[in-house]
Amino acid sequence: MAVKLRADVTLTETGAGGVLLDERASRYFQLNRTGVLILRTLIDGRSPEQAAEILAERYPVTAEQARTDVDSLHRSLTAAGLITE
């Protein structure tokens, strides 16, 4: 699955993670560092499974927890209309 930010959504990375600006709705969404890692991994064309593997390699979480976190963020970003596939 290839994930893309919607055309009117921008990601700005910060020291603590990142901020998504939805220009259409004039709303901001804050992501922590792991959220930015997951989103960037998906935008780069990697699968959710690969994103979970990368997350589990970099942080002290189980593969199962990493997959749950990736799926949760993906659902949240999709529900908010911030990403498309």
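In which helix is Thr41 found? In the predicted model, Thr41 belongs to helix α1, which covers residues 33-43. The overall architecture is described before the local features.

The protein contains three helices and five strands. Their order from the N terminus is β-β-β-β-α-α-α-β. The radius of gyration is 12 Å, in agreement with the value near 12 Å that a compact globule of 85 residues would have. Along the principal axes, the C-alpha atoms occupy a box of roughly 35 × 30 × 20 Å. Of the 85 residues, 35% are classed as buried. The accessible surface amounts to about 5200 Å², and carbon and sulfur atoms contribute 49% of this area. Among contacts between residues at least 6 apart in sequence, 38% link residues at least 24 apart. The side chains include 10 positive and 12 negative groups, and the centres of these two sets are separated by 4 Å.

Strand β3 spans residues 17-22 and pairs with a strand on either side of it in sequence, β2 and β4. Strand β2 comprises residues 9-14 and runs antiparallel to β3, with six bridges between the two. These strands form a hairpin whose connection consists of two residues. Within this pairing, Thr10 is bridged to Leu21, and Thr14 is bridged to Gly17. The pairing of β3 with β4 is likewise antiparallel and involves six bridges. Leu21 has Tyr28 as its bridge partner in β4, so that Leu21 takes part in bridges to both β2 and β4.

The hairpin formed by β3 and β4 has four residues between its strands. Ser26 lies in this loop, ahead of β4 (27-32). Its phi is positive, at about 55°, although the residue is not a glycine. Most residues other than glycine have a negative phi. Ser26 has a relative accessibility of 62% and is therefore classed as exposed, the cut-off being over 50%.

Leu20, also in strand β3, has a relative accessibility of 0% and therefore counts as buried, since this value falls under the 20% limit. Leaving aside residues up to four places away in sequence, Leu20 touches Leu5, Val9, Thr10, Leu11, Arg27, Tyr28, Phe29, Leu31, Leu39, Leu77 and Leu82. Among these partners, Thr10 was described above as the bridge partner of Leu21, and Leu39 is one of the buried residues of α1. Val36, another buried residue of α1, is 16 residues from Leu20 along the chain, and the C-alpha atoms of the two are 9.8 Å apart.

In helix α1, the buried residues are Gly35, Val36, Leu37, Ile38, Leu39, Thr41 and Leu42. An α-helix has 3.6 residues a turn, so residues three or four places apart point the same way. Thr41 has a relative accessibility of 6% and is buried because this value is under 20%. Beyond residues up to four places away in sequence, Thr41 touches Arg46, Ala51 and Ile54. Just after α1, Gly45 adopts a positive phi of about 95°.

Definitions and conventions. Residues numbered from 1 in each chain as written. Predicted model: local features only at pLDDT ≥ 70, side-chain atom pairs only at ≥ 80, totals over all residues. Heavy atoms only, no water. Rg over C-alpha atoms; globule rule 2.2 N^0.38 Å. Buried < 20%, exposed > 50% of the residue type's maximum accessible area, 1.4 Å probe, protein only. Contact = heavy atoms within 4.5 Å. Areas by Shrake-Rupley, 256 points an atom, 1.4 Å probe, with all protein chains shown as cover. Lys, Arg positive; Asp, Glu negative; His and termini not counted. Charge placed at Lys NZ, Arg CZ, Asp CG, Glu CD. Pairing = 2+ DSSP bridges.
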